[in-house]
Amino acid sequence: MAESDSVAKGWRNLKTIANLTLDTLFWSKKTLFVGLLSLIVLALAGVGRALLVLHLIPTALPASQVFGTLMSTAVMRFLVVFVTLFYGTALISEEVEGKTLTYLFMRPIPKPTIMLGKYLALVWIGSIMVLPVVMASYLILYVGADMRPFFEDLNVLCRDIGIIFLALLAYGAFFSLLGAALKHSILIGLAYAFGWEGIVAVLPGFTRKLTITHYLQSIFPHEDTLGALSMLVGDRTAPLESIVTLVLMIVLFIATASLIVREKEYVLEQ
Amino acid sequence: MSALVEGKTLSKWYGQIVALNNVTFTIGQGVVGLLGPNGAGKSTLMKLITGQLRPSQGEITVFGESIWNNFPLFHRIGFCPEQDSFYERMTGAEFLSALLHMHPFGDAEIGKRVDSALETVNLSSVRDKKIAAYSKGMRQRIKLAQAIAHDPDVMVLDEPLAGMDPVGRRDIIQLVRRWGTEGKCVIVSSHILHEVEAMTSTILLMHNGKVLAEGDVHQIRDLIDRHPHSIHIRCSKPRKLAEALVGFPDVESIRFDPEGDALTAESRQPDEFYGRLPELMLDNDIELEEITSPDDNLQAVFQYLVK
Amino acid sequence: MPIHDLSYQHWKGDWTSHPYRWWVISRHGIALLGKKKGFLVLLFLALIPFLARCVILYGAVVMNRIAFVKIDGGFFEAFLSQQLFFTFIIAIYAGAGAIANDLKANALQIYFSRAITRRDYLIGKLGVVVFFLSLPTLVPGLLLFFVAAIFHSDLEFLRQYSWVLLSILGYALLIIAANALVILALSSMSRSSRFAGIFFAAVVFFSQILYGILNAFLHTSSVAWISLSDDLRQIGDVLFRSPLTYQSSPWASAAVLAILLAGSVCIIHSRVKAVEVVK
């Protein structure tokens, strides 16, 4: 009974922190800009569909390729990374800069719970900003007179949603760790996402396994230029191994972030 | 008096800067004024007491337990920080409710506590207004409200009167005094000495990271030997009185006011001085108009110990 | 009178206006950033490509051992294009908080209560970003040219490639202006330097990705004008008389950059005010 009480109490604390984070982080003008980027991705799906339907160019890509290109570049390589970088690095940093962290740390809640609650909010925000774009893009590209491709490629859509959700969890955990540990987390995050991952992914040898993108590319059904290049210099990791590694990474990053939040002294500048 | 907050050989440094230097103190029930010039270490001490910082050396205990990462204790501690920072999008009621949800209260209890805290700080009429639209005084009050809403046993208030109008200050001073008499431990930090004096006579005086004095301000004053007590007397014949006083060995000096109707005497034994004064006045047929001790107060203690 | 009056006295000298008021702001900003060790490390890293190219120059010109490297306009253009990554990072570091931090601290009222105009303030802030952006671009670009001239034993290099000096100046200033004005515009739009930094990254990278996707859809690089970094590269090709990298018209790239810079100036002008009326 005591154990179930503490689990219920822990879950209530997580939800409270997540709701507070959603309220402060999500409901702000900045979310409008992120939403605008998501809409641009949808607009690209519209352009791809228009090219196909209106036969504007002789070599228009089929819906599956357009969808694949959008998912591998705009969504996986940009939108997921951007959303998790933007919100993930802000989870703790925003509280420190806004000097509101004191209010949270002065409550009878373990600090790791605060970190986990905020991560929960990040996953929720990321899912809202990204997954509907994936589903809407699919609808824009596939819905038509002939619905056979729509149902034939439905498994691809489900797989994409699952992998993109995993990507949100993985990048979200990593950038949350950066935000909890470092002062200039945005710069380091940008250098990692658009520098390190871009360069190392195409290097031969073991270094590719030191990126999140390598494991995501190994299970992603679509390919882009970077993925094709990386294939030239090395093999993908087996799907099961990739998924297990990603899950382990998520657990490790979040656990480390929780430990840092627990032990670090956050000095709020006066 | 049982110690609720105790520091033993407590030190805190940031790199080369020593913010607190081997500080030992005990604080029990009642109101304690934490005083000191800028850079004395008051904020650092408050952050150590509230578990926001970890001691570099020594220990700090609250309710007999180490406070660092001891989250269950925070249910019994309330902290009103100095910084003017909030979740601006929230209304006052939402802000209190969100924070109270992190305590082990049910929803009904939370609602009652929000109402009670807002009423205590006179913010009931603006409970549904966004904090971003609050005036400075209202912001200070809502900060205080979040510190008291869960009815803590120890309250740490960092400059609670900052930005408040005179009526607001009076209300908060009365509240603090009431909490002290109710048996709570209230640690108040302020730069405005006469306001601290209005709240309490028990002080913890700090300077350069060390505790200079601890206890009742009058007792501390008595112990400051190198500064004799000043006694200001306005009477009908000040020079006659001076002639009578000058023969006593405890009288260090006598100075006449420019207007010529008063004198200020300095004595190292104020009790004896006060004891002989009525007889001297009667013997010399002197009418007493006013007698004050300009430096038997916090300001004087602060000045004499710090400078 | 033997004892002089040492009480407060009004200034009896001339009241002249300081022509370089903006320099006070720039100087302060440069000094502040110059104290940050992390930033100095970043600036040092940004100079490594310059040092590497000096070695290549030495090997190609003096030692005559690197035959495949041609020291022409393209060599200098490639160097400046390579520095785009560093200018991106430095722009965020130096510029993201330039105006945002002042907005957050309500410092604009303090600035404009002094004898400076809005123009002085903006030029001052721009000066800080321009100074640090010129360190990995304009300065090493010009130095690289002089190093190449010195390594050539005759004046033939200078006779043939003296125009490259102006191209380096033009391309470097374009890179500096584009980065500086856009980051300052984003900085003026928020009280959070994080917002400015990340949306600068979004503008740069998302435009690249947009181009990549449209390139995949349309099988043509004529839409390269969508990508900001590719616009800069396209103009660089024109300035250094290199073959165009993309099929898009350089005029389209120039128009996009002109609109971007003009838009940034308008945003900065409208956002930076001494008093903000909240309704």
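Visitor: What share of the 279 residues in chain C is buried?

Guide: In this predicted model, buried residues account for 44% of the 279 residues in chain C. A residue is called buried when 20 or more other C-beta atoms lie within 10 Å of its own, and C:Q234 is buried because 27 other C-beta atoms lie within 10 Å.

Visitor: Where in chain C is C:Q234 found, and which residues does C:Q234 touch beyond those up to four places away in sequence?

Guide: C:Q234 sits in helix α12 of chain C, which covers residues 228–239. Leaving aside residues up to four places away in sequence, C:Q234 touches C:A224, C:L244, C:T245, C:Y246, C:S248, C:P250 and C:S253. As for C:S249, 15 residues from C:Q234 along the chain, the C-alpha atoms of the two are separated by 8.4 Å.

Visitor: How many helices and how many strands does chain C have?

Guide: The secondary structure of chain C comes to 13 helices and zero strands, and the pattern read along the sequence is accordingly α-α-α-α-α-α-α-α-α-α-α-α-α. Taken along the principal axes, the box that the C-alpha atoms of chain C fill is roughly 85 × 55 × 30 Å.

Visitor: Among contacts in chain C between residues at least 6 apart in sequence, what percentage joins residues at least 24 apart?

Guide: One sets aside the contacts between residues under that separation and asks how the remainder is distributed; for chain C, 76% of the contacts between residues at least 6 apart join residues at least 24 apart.

Visitor: How many residues of chain C are in contact with chain A, and which element gives the largest share of that side of chain C?

Guide: An interface can be read by counting residues on each side, and here 20 residues of chain C are in contact with 28 residues of chain A. On the side of chain C, the elements that give two or more residues are α4 (84–95) and α11 (193–218), and the largest share, 15 residues, comes from α11(C). By residue class, that side of chain C divides into 15 nonpolar, four polar and one charged.

Visitor: Which chains share the most contacts, and how far apart are the nearest C-alpha atoms of chain B and chain C?

Guide: Two pairs of chains are in contact, and of these chains A and B share the most contacts. Chain B and chain C do not touch, their nearest C-alpha atoms being 10 Å apart.

Visitor: Into which domains is chain B divided?

Guide: Chain B is divided into domain 1 (5–222) and domain 2 (224–295), and the C-alpha centres of these domains of chain B lie 42 Å apart.

Definitions and conventions: Residues numbered from 1 in each chain as written. Chains lettered and ligands numbered in written order. Predicted model: local features only at pLDDT ≥ 70, side-chain atom pairs only at ≥ 80, totals over all residues. Helix = DSSP H or I, 4+ residues; strand = E, 2+ residues; numbered from the N terminus. Buried ≥ 20, exposed ≤ 12 C-beta atoms within 10 Å, placed from the backbone. Contact = placed C-beta atoms within 7 Å. Nonpolar A, V, L, I, M, F, W, Y, C, P; charged D, E, K, R; others polar. Domains from an automatic or database assignment.
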